[in-house]
Amino acid sequence: MNINKLISLSQKPKLFERSKTAFWDDSHISKKMLEAHLNPDSNAASRKISIIDRSVKWLNKEIFLNKNIEILDLGCGPGLYASRLAESGYSVTGIDYSERSINYAKKQIKENDLNIEYIYQNYLTIDFESEFDVIMLIFCDLGALTNKERDILLDKVYRALKPGGIFIFDVFTDKNRSKDLLDKSWEVKNGGFWSEKTYLALKESFFYAEADTFLDQTLVITEEDEIRTYRIFNHFYTKESITNLLNKFGFANHSYYSDMMGSDYSKESETLAVVTKKLK
Ligand SMILES: C[S@@+](CC[C@H](N)C(=O)[O-])C[C@H]1O[C@@H](n2cnc3c(N)ncnc32)[C@H](O)[C@@H]1O
C-alpha cells in the first residue's frame, strides 16, 4: 500500500475541488444507490416512502391545487415523486444523470402508462425557455453543488419557468450537523457500497467555515492498490442566506417550511424547504 500517496490524498482539498471519480453514474455505486432509493424504509438516497407520500399529498393540496400544470423534477432518481405526481394527473418531466435510475424509471412508465418523460442528462446543461409551471429539486441537492454550479442551475431554472411558475427545493440548515464533530471512520469489506471488490474505505469530513460547507471525502483502496477519491459537498443555508441568493436570481414571493411536507418554518429545523416564484 502506498502510504505516502494516502497521506497526500488525505489532505484537506481546496473548497469545491471536485474529484474526477463518477459517483451517481458509476456502474457499481448506481446499483447500490438504486437499491437504497427503492428501500421504502431508508432515508439514504431518497426519503422514506411514507415521507414521500406525505410530500406529494401536501404539494397536491396546498401548492399545485390539482391544476393542469407541467412539472420538471430535477435529479428525479428512479421517479418516486414523478410517478406519484403523474398518477395525480400532472404532466411530468424527470431529469437525472444516473442512467440506471432513469432506465428503472422508464420501465415503470411502460408498466403503468403514466404521462412522464424521463431524460438521462446532467441538469446543469438544461436549456428550457419558459416551459414549466413547477420545477422541483428535492432532497437537499442544491447544497451538493459548488457555488458556481449552483448559480448556473438557478439561472437555468429561472429561465425554464413560465412567468408565474414556482421553484420548490430543500436545503440542509446549520442545525443539520455540528462543525465541532468532524467524522473520521473506516470500513474494510469484501464487496460493499463502494466497490464490488475487496476494499478499504477511509472517510473523513472537512469544514469550510468561509463557505458554510462540509465535505465528506472517502478514499477507496482496493487490493490492487487502486485508490479512488469520492467527494460529496454539503453547503448549508439559513433563511437569510437562501433569501439573498434567490433575490439575486430574480425569484420573489418566497415561502419557507421546515420540510417538504409543509411543516411550519422553524429556526431549529435541520432542513429548510422553499417555494419561490418567477413573477414575470
Ligand atoms: C439524493 S438523490 C435524490 C433523488 C430524488 N430527488 C428523491 O428525492 O428521491 C440525488 C439525485 O440527483 C441526481 N443528480 C445529482 N447530480 C445531478 C446532475 N448534475 N444532473 C442530473 N442529476 C443529478 C442523482 O443521480 C440522484 O438520483
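**Close-up views of the domain interface and two helix pairs**

**View 1. Interface of domain 1 and domain 2 in the predicted model.** Between domain 1 and domain 2, about 760 Å² is buried, and carbon and sulfur atoms give 42% of this area. On the domain 1 side, the residues that lose the most area to domain 2 are Phe-16, Arg-18 and His-235, which together provide 61% of what that side buries. Six residues from domain 1 and nine residues from domain 2 take part in the contact.

**View 2. Division of the chain into domain 1 and domain 2.** Domain 1 comprises 3–22 + 177–235. Domain 2 comprises 39–174 + 238–277. The centres of domain 1 and domain 2, taken over C-alpha atoms, are separated by 28 Å.

**View 3. Crossing of helix α3 (residues 49–64) with helix α4 (residues 80–87).** The two axes come within 10 Å and cross at roughly 45°; α3 is therefore oblique to α4. The crossing in which α3 passes α4 is right-handed. From α3, the contact draws on Ile-49, Ile-52, Asp-53, Ser-55, Val-56, Asn-60 and Phe-64. These residues meet Leu-80, Tyr-81, Arg-84 and Leu-85 of α4. Sorted by class, the contact of α3 with α4 contains seven nonpolar, two polar and two charged residues.

**View 4. Crossing of helix α2 (residues 27–38) with helix α5 (residues 99–112).** Here the helix axes come within 8 Å, with a crossing angle of roughly 45°, so α2 is oblique to α5. The α2 side of the contact consists of Ser-27, Ser-30, Lys-31, Leu-34, His-37 and Leu-38. Their partners in α5 are Arg-100, Ser-101 and Tyr-104. Three nonpolar, four polar and two charged residues make up the contact of α2 with α5.

Methods
Residues are numbered from 1 along each chain as its sequence is written. This is a predicted model: local features need pLDDT of at least 70, side-chain atom pairs count only at pLDDT 80 or more; totals for chains, interfaces and linings use all residues. Side-chain values use heavy atoms; hydrogens and water are left out. Axes are lines fitted to C-alpha atoms, for helices over the stretch in contact, and angles run from 0 to 180 degrees between N-to-C directions. Helices (H or I, at least four residues) and strands (E, at least two) are DSSP runs, numbered from the N terminus. Angles under 35 degrees count as roughly parallel, over 145 as roughly antiparallel, 65 to 115 as roughly perpendicular and the rest as oblique. A crossing is left-handed if the near helix is turned anticlockwise from the far one by less than a right angle, and right-handed if clockwise. Contact means heavy atoms within 4.5 Å. Ala, Val, Leu, Ile, Met, Phe, Trp, Tyr, Cys and Pro count as nonpolar, Asp, Glu, Lys and Arg as charged, and the others, Gly among them, as polar. Domain bounds come from an automatic or database domain assignment. Buried area is the accessible area (1.4 Å probe) that two parts lose on being put together, summed over both.
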